Amino acid sequence: MSEEEKISMSDAIEKARDAIYRFPLIPIRGIPLMNHIANNWDSIWAFQPHPSDLLIATYPKAGTTWTQEIVDLLLHNGDAEICRRAPTIIRIPFLEIFSPPPIPSGIDLLKKMDPPRVIKTHLPLQLVPTGFWGNKCKVIYVARNAKDNMVSYYHFDRMNQTQPEPGPWDGYIHKFMRGELAWGSWYDHVKDYWEERDKKSILFLFYEDMKENPRREVERIMHYLDMSLSDDVINHIVELTSFKVMKENPMANYSFIAGPVFDHSISPFMRKGEVGDWANHFTPEQSKMFDEDYAKQMKGTDIPFRTQI
Ligand code: A3P
């Protein structure tokens, strides 16, 4: 980011102090989305990607930022300097985001970028602009087990003052199970991408696999992108995208979105980065109730989620 851009970003943060509030959710085709997304839905839906664009799709808090960093490094041959040229959200625009500054509008950023672009979305499959499928764009989907995904989302909703108020943990579990959080049902989100993965040539990744063997998953992404990098570069990318290194990287840890928008003192964006933290949040009763409902909602699917590694 240039000095000029940094100044305009900090101006924007100052202005945001008055404009930020927890946005209400408005359904678009039954999916609850923040009002600024719903109000701009027509221009999001009309977005026309280029066939060379790459989409990284996730349910919120499934490992989006991690995957974005891996992809950016792969595309730049592991060059850490180039990948620190700007915060994640500028390097890889967030397609549907339209909130007031300092969070830049995805569509505005994309208009200024030439393809091939890497684009982030949390939209469920049926709301992804159809050009991505028509143009056969590459799509990487990252899924995370429901319990850890929800815990991460809960802490994010506490710290991100633009997200709806999470309320108490016990009630949050029910909102998650009913698909009432922003971007809707986790269950439908993962099932729909899973079912379409072969037909649409989607690379379907799991957060737990990335934790278990990051090198293997970095290589999977590399092959999907039809690339071949040296072992040294791959090892370097694995190191640069470790939780520890990303947590200290101001261009990857969202520290550029500070208070009042992201209040990292409530919970840092790079929080724990673990598999199994759910066990520190669910009581045995909550876990049992959740598992019973999970079995019903996921009946008939064979997605190999793991809640421990
Ligand atoms: P936790 O809240 O469990 O720590 P997203 O980018 O989709 O919003 O997901 C954020 C989650 O991914 C957070 O989970 C964050 O800590 C975790 N994360 C980000 N980078 C990571 C990395 N390099 N390794 C492991 N987890 C990472």
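## A tour from the ligand outward

Begin at the ligand and select Thr 241: one of its backbone N or O atoms lies 2.8 Å from a nitrogen atom of the ligand. The protein covers 98% of the 570 Å² of accessible area that the ligand has on its own. Please note that the model on display is predicted.

Select Tyr 207 next. Here the contact comes from the side chain, where an N or O atom is 2.7 Å from a nitrogen atom of the ligand. Then move to Gly 273, which contributes a backbone N or O atom 2.7 Å from an oxygen atom of the ligand.

Now display the whole shell around the ligand. The shell holds 19 residues, and those that come nearest are Thr 64, Thr 65, Ser 152, Lys 272 and Gly 273. Coloured by residue class, the shell divides into 7 nonpolar, 7 polar and 5 charged residues. With a pocket surface switched on, the ligand is found in the largest pocket.

Which helices should be highlighted as each supplying at least two residues of this shell? They are α4 (64-75), α11 (207-212) and α14 (243-248). Of the elements that contribute, α4 gives the most, with 3 residues.

Leave the ligand and select residues 25-34. Strand β1 (residues 25-28) and strand β2 (residues 31-34) run antiparallel and are joined by 4 bridges. Within this pair, Ile 26 of the hairpin stands opposite Leu 33 in β2. The two strands form a hairpin with 2 residues between them, and Arg 29 in the turn has a positive phi of about 45 degrees.

A second residue to inspect for its backbone is Lys 136, in the loop between α7 (131-134) and β5 (138-143). Lys 136 is not a glycine, yet it has a positive phi of about 50 degrees. Most residues other than glycine have a negative phi, and most peptide bonds are trans.

The tour ends with two peptide bonds. Select Pro 115 and Pro 116: the bond from the former to the latter is cis, with omega near 0 degrees. Pro 116 is located in the loop between α6 (106-112) and β4 (118-121). Finally, select Gly 259 and Pro 260. Where does Pro 260 lie? Pro 260 is in the loop between α14 and α15 (284-297), and the peptide bond leading to it from Gly 259 is cis, with omega near 10 degrees. Helix α14 is also one of the helices that supply at least two residues of the shell around the ligand.

Definitions and conventions:
Residues are numbered from 1 along each chain as its sequence is written. This is a predicted model: local features need pLDDT of at least 70, side-chain atom pairs count only at pLDDT 80 or more; totals for chains, interfaces and linings use all residues. Side-chain values use heavy atoms; hydrogens and water are left out. A residue is near a molecule or strand if one of its heavy atoms lies within 4 Å of it. A polar contact is a pair of N or O atoms within 3.5 Å; within protein, one must be able to donate a hydrogen and the other to accept it, and residues adjacent in sequence count only if both atoms are side-chain atoms. Accessible areas come from the Shrake-Rupley method with a 1.4 Å probe; for residues, only the protein chains shown count as cover. On a 1 Å grid over the protein atoms alone, a cavity is a set of points where a 1.4 Å probe fits but cannot get out, and a pocket is an open set with protein on both sides within 12 Å along at least five of seven lines; lining residues have an atom within 4 Å of a point. A molecule sits in a cavity or pocket if more than half of its atoms lie within 2 Å of its grid points. Ala, Val, Leu, Ile, Met, Phe, Trp, Tyr, Cys and Pro count as nonpolar, Asp, Glu, Lys and Arg as charged, and the others, Gly among them, as polar. Two strands pair if DSSP finds at least two bridges between them.
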